[in-house]
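Please walk me through this structure in connected prose, moving from single residues to the relation between the chains.

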Number of protein chains: 2
Amino acid sequence: MGGDLAPLEAVKGVRQYLAQSPEAHLLLLGDEAQVAPLLAEHDLPAGAYTFVHTPQVIDMHEHPTKALREKQRSSIAVGFHLLATDKIDAFISAGNTGAMLVGSLYSLKPLEGILRPTISTIIPKENGGTGLLLDVGLNSDCKPEQLNQFARMGSIYAETILGIENPRAALLNIGEEESKGNLLAQAAYPLLKSNPALNFTGNVEGRDILLNRADVMVCDGFTGNIILKLCESLFGITQQKGIDHDYFQRFNFENYGGTPVLGISKPVIIGHGISREHAFHNMILLAQKMIYTGVMQQMSI
Amino acid sequence: MGGDLAPLEAVKGVRQYLAQSPEAHLLLLGDEAQVAPLLAEHDLPAGAYTFVHTPQVIDMHEHPTKALREKQRSSIAVGFHLLATDKIDAFISAGNTGAMLVGSLYSLKPLEGILRPTISTIIPKENGGTGLLLDVGLNSDCKPEQLNQFARMGSIYAETILGIENPRAALLNIGEEESKGNLLAQAAYPLLKSNPALNFTGNVEGRDILLNRADVMVCDGFTGNIILKLCESLFGITQQKGIDHDYFQRFNFENYGGTPVLGISKPVIIGHGISREHAFHNMILLAQKMIYTGVMQQMSI
């Protein structure tokens with residue numbers, strides 16, 4: 001039921017996925033009156049899914065914690081309950097982002113040794129490659145050890161899911177030298193440098209974010225969220241100006257499907273509010289890959 | 001002597017300026033052996049400047065504090081001495097940025113009531129307008145009251161120098177609501193909101209930076225520096241990809257000349273390391289405007 005275009009685009013995404021993965025079985029959560037006619041209309045193969053009626057909807061503007069507590073029969077609340085009780089292996093929604101984060105933090109067990117879960121974004125590099133930036137908003141104030149853990153989780157994700165071999169991890173900073181930065185960056189640098197689980201390449205600056213200088217870039221969630229949203233805005237601005245170049249097409253974050261929450265026991269994927277068919281299809285494929293590779297379990301310490 | 005293209009481009013910029021402002025008198029600081037032949041070659045009118053021989057040069061990679069102390073006969077050290085002793089009204093250099101900042105902080109008196117000086121950058125808005133973002137690197141860790149002062153200094157600069165009437169000041173944040181953000185943003189919001197010297201419009205997010213949502217945007221210098229350098233990189237990336245659009249031309253920060261240090265007693269303008277003729281010309285015009293409007297004195301509290 002989540003997202004501005006729900007539930008139609010989700011149904012179309014599921015159909016697209018099932019057409020290519022006929023062996024899969026999905027649980028679809030939503031308001032039966034709205035969803036059932038769409039499932040029929042789009043000819044979803046009956047044996048490929050189980051429908052779960054969730055009559056309540058958490059609005060995009062509701063307070064996450066309050067809404068989750070009060071709307072226990074919403075698709076998001078039911079989804080987390082199914083995930084926490086091992087009825088499903090991964091959970092995907094393009095609904096209220098805050099509720100998805102609150103559910104991830106409080107319905108699921110954090111991974112052994114992980115201080116705080118994190119969310120990341122794909123960064124389209126100008127050479128055609130893909131980078132990962134994290135945290136992008138779950139942790140607006142961070143401790144140095146959290147950045148160190150983000151770098152490790154991001155590196156595992158980059159290697160296992162993005163297919164980047166021995167990914168280069170870097171600290172996003174305001175200078176190249178080790179001594180540069182705010183108090184957080186200065187304290188995080190030696191932790192990253194001495195972490196044997198990382199291929200640490202030092203600091204990168206703002207000018208390096210879109211260049212091929214590092215594969216995994218870590219920062220606090222305040223800085224990361226501002227970068228993410230600034231990058232997102234480039235797609236709209238270039239479209240509006242009629243600049244129709246492949247590179248800026250890659251800033252259309254709709255294409256990527258969604259962002260997984262890293263550092264929890266099972267895959268949770270948070271979709272963009274304006275996710276369409278293709279994005280939902282990609283999110284299901286991402287969840288499938290995360291389940292098969294066991295990427296989350298690799299992250300426990 | 002400062003900048004990658006010194007001293008030739010500085011000399012050409014001075015000539016460009018003097019051609020349009022024959023009544024002005026400039027002090028030119030540099031190594032005589034290198035500069036004198038250029039002044040002759042470019043036919044600078046002899047009465048329009050006084051040349052001051054400064055035999056030492058602070059390299060782009062030297063440690064700022066150490067270099068300023070040890071190279072008292074460098075153009076930067078002499079410039080700050082002349083400024084502090086009222087021999088000149090403004091000082092411009094495209095040299096070692098760190099040395100320019102250290103000189104601004106320690107050679108000059110801070111303005112009455114100002115906790116910390118700040119540096120800003122021009123933000124090219126997608127509607128053709130111009131915004132101001134500050135701090136962009138002088139203060140990597142900030143206190144809430146500093147952000148409040150940056151907003152006020154930025155508003156005075158935007159109104160007096162950029163010609164924006166009653167500029168809208170905003171807090172750069174990771175959500176629209178007052179309660180959002182990291183600890184700094186949460187504490188700064190009520191200060192900005194209750195500051196009668198501001199036309200405060202609330203929070204702006206990363207996606208709003210390039211849009212016409214606010215004229216003056218404040219953040220800590222860590223976040224601001226990363227945004228500045230990310231924006232700067234867009235010019236090079238679009239050039240490299242053959243995207244030759246007016247909008248991205250405006251991300252060529254060379255055009256703007258340089259950034260003034262706000263909150264000190266006299267104008268100091270720090271040029272980009274690769275400043276050319278046109279940038280030097282613009283920096284002198286900016287210094288002139290800052291002197292005539294008395295913008296710095298307006299900022300004392």
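In this predicted model, the side chain of A:Thr259 reaches the backbone oxygen of A:Ser120 at 2.5 Å. A:Thr259 belongs to strand β9 of chain A, which covers residues 258-262, and with a relative accessible area of 18% it falls under the 20% limit and therefore counts as buried. Leaving aside residues up to four places away in sequence, the residues touched by A:Thr259 are A:Ile119, A:Ser120, A:Val268, A:Ile269 and A:Ile270, so that A:Ser120 appears both as a contact and as the residue whose backbone oxygen is reached by the threonine side chain.

From this polar contact we can turn to charged pairs. Side chains of opposite charge can pair when their charged atoms come close. Over all chains, a search of the whole structure finds 24 salt bridges. One of them joins B:Arg15 and B:Glu277, whose closest N and O atoms are 3.9 Å apart. This pair links distant parts of the chain, since B:Arg15 sits in helix α1 (residues 8-20) of chain B and B:Glu277 in helix α10 (residues 277-293) of chain B, 262 residues apart. B:Arg15 is partly exposed, having a relative accessible area of 32%, whereas B:Glu277, at 19% relative accessibility, counts as buried. In chain A, a network of salt bridges links A:Glu9, A:Lys12, A:Arg15 and A:Glu277.

A further salt bridge is formed by the side chains of B:Asp86 and B:Lys266, at 2.6 Å from N to O. Because B:Asp86 lies in the loop between α4 (75-84) and β3 (91-93) of chain B, and B:Lys266 in the loop between β9 (258-262) and β10 (268-271) of chain B, the pair ties together parts that are 180 residues apart in sequence. Which partner of this pair is buried and which is exposed? B:Asp86 counts as exposed, at 57% relative accessibility, while B:Lys266 is buried, with a relative accessible area of 14%. Between B:Arg213 and B:Asp208 there is another salt bridge, with the closest N and O atoms 3.0 Å apart; here B:Arg213 is partly exposed, with a relative accessible area of 37%, and B:Asp208 is buried, with a relative accessible area of 4%.

B:Asp86 also leads to the helix that precedes it, for α4(B) is followed by this aspartate, whose phi is positive, near 65°. The helix itself is mostly covered, eight of its ten residues being buried. These buried residues are B:Ser75, B:Ile76, B:Ala77, B:Val78, B:Gly79, B:Phe80, B:Leu82 and B:Leu83, and they pack against β1 (26-30), β2 (49-53), α3 (64-70), β3, α5 (97-107) and β10 of chain B.

The phenylalanine of this helix brings us to the aromatic pairs, of which the structure holds eleven over all chains. In chain A, A:Phe80 and A:Phe91 form an edge-to-face pair, with 5.1 Å from centre to centre and 75° between the planes. This pair links helix α4 (residues 75-84) of chain A, which holds A:Phe80, to strand β3 (residues 91-93) of chain A, which holds A:Phe91, the two being eleven residues apart. Both A:Phe80 and A:Phe91 are buried. In chain B, the rings of B:Phe80 and B:Phe91 have their centres 5.1 Å apart and their planes at 80°, so this pair too is edge-to-face. Both B:Phe80 and B:Phe91 are buried.

Other aromatic residues bring the two chains together. Ring pairs link A:Tyr247, A:Phe248, A:Phe251, B:Tyr247, B:Phe248 and B:Phe251 into a cluster. The charged end of A:Lys241 sits over the ring of B:Tyr247, 4.9 Å from its centre, and the charged end of B:Lys241 sits over the ring of A:Tyr247, 4.9 Å from its centre.

What remains is how the copies are placed. Two copies of a chain are related by a rotation about an axis and a shift along it. Here chain B can be laid on chain A by a turn of 180° and a shift of 0.0 Å along the axis, with an RMSD of 0.0 Å, which is the relation of a two-fold axis. Among the residues of chain B, B:Thr223 comes closest to the rotation axis, its C-alpha lying at 2.8 Å. The same surface serves both copies, as 100% of the contact residues of chain B recur in chain A.

Methods: Residues numbered from 1 in each chain as written. Chains lettered and ligands numbered in written order. Predicted model: local features only at pLDDT ≥ 70, side-chain atom pairs only at ≥ 80, totals over all residues. Heavy atoms only, no water. Helix = DSSP H or I, 4+ residues; strand = E, 2+ residues; numbered from the N terminus. Buried < 20%, exposed > 50% of the residue type's maximum accessible area, 1.4 Å probe, protein only. Polar contact = N/O pair within 3.5 Å; in protein donor to acceptor, adjacent residues only side chain to side chain. Contact = heavy atoms within 4.5 Å. Salt bridge = Lys/Arg side-chain N within 4 Å of Asp/Glu carboxyl O. Least-squares fit on C-alpha atoms with pLDDT ≥ 70 in both. Phe/Tyr/Trp six-rings, centres within 6.5 Å; stacked < 30°, edge-to-face > 60°. Lys NZ or Arg CZ within 6 Å of the ring centre and 35° of its normal.
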